[in-house]
Amino acid sequence: MVGQDPARGEISRLALDAWEALFRAQSVRYREFQASDAWAGRSDRDYDVLYTLSRDDAGMRQKDLTDCLLISQPSLSRLIERLVAEGLVDRRPDPADRRGAILSLTETGRQLQRKIGAGHARDVTRALAQRLTSEEMATLRDLSRKLSAALPEPTAVSEGTPS
């Protein structure tokens, strides 16, 4: 190929292979975890909300919760309504903005999150510890954090881009 850097093609293939491997590993483990009895009859979306709310004792605005989850705002609204009706999530007016509400776990919601979380942690630990060393798990954690970090804003004008 005239004018194409062979090293760039190798990097592209490696990046695609790495992404495919990461995606497949996540998909396989996700299916394995979903089959576990740890969920206590709850969906992963239910648990995602309970877990995220458990990380902030002061509660969260629904908009902030939406930003933390991989779920659309309308779907999250319906899910929150159901969790509130089931007594797992509490909704109270936001003192800083009366148009909004603060969501937090009820004690029942907190107990359920801990129960599911303990079982899920057991499953994750077993799945990873059977396949990876402690050093590999640390590397996986660090690389995953690096991949999920927000990209910095470009500081220079790219070549070929009008200023």
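## A tour from fold to pocket

From the N terminus on, the elements of this protein run α-α-β-α-α-β-β-α-α. The model is a predicted one. Colour the chain by secondary structure to see 6 helices and 3 strands.

**Whole chain.** Select everything and show the surface. The accessible surface comes to about 12,000 Å², and carbon and sulfur atoms hold 56% of that. Of the 163 residues in the protein, 26% are buried. Among contacts with a separation of 6 or more, 53% are between residues 24 or more positions apart.

**Helix α2.** Next, select residues 44-54, which form helix α2. Show side chains for Asp-46, Tyr-47, Val-49, Leu-50, Thr-52, Leu-53 and Ser-54, the buried residues of this helix. To see what they pack against, add strands β1 (60-61), β2 (89-94) and β3 (97-105). Then add helices α3 (62-68), α4 (73-85) and α5 (107-129), against which the buried residues of α2 also pack.

**The largest pocket.** Keep α2 and α5 on screen and add α1 (6-34) and α6 (134-148); each of these four helices supplies at least two residues of the pocket lining. The volume of the largest pocket is about 1,800 Å³. Centre the view on Gln-26, Tyr-30, Phe-33, His-120 and Val-124, which are the closest to the pocket centre among its 37 lining residues.

Which helix gives the most to this lining? Select α1, which contributes 9 residues. Finally, colour the lining by residue class: 22 of its residues are nonpolar, 7 are polar and 8 are charged.

Conventions:
Residues numbered from 1 in each chain as written. Predicted model: local features only at pLDDT ≥ 70, side-chain atom pairs only at ≥ 80, totals over all residues. Heavy atoms only, no water. Buried < 20%, exposed > 50% of the residue type's maximum accessible area, 1.4 Å probe, protein only. Contact = heavy atoms within 4.5 Å. Areas by Shrake-Rupley, 256 points an atom, 1.4 Å probe, with all protein chains shown as cover. 1 Å grid on protein atoms, 1.4 Å probe; cavity = no way out; pocket = protein on both sides within 12 Å on 5 of 7 lines; lining within 4 Å. Points joined across faces, edges and corners; volume = space filled by probe spheres on them. Nonpolar A, V, L, I, M, F, W, Y, C, P; charged D, E, K, R; others polar.
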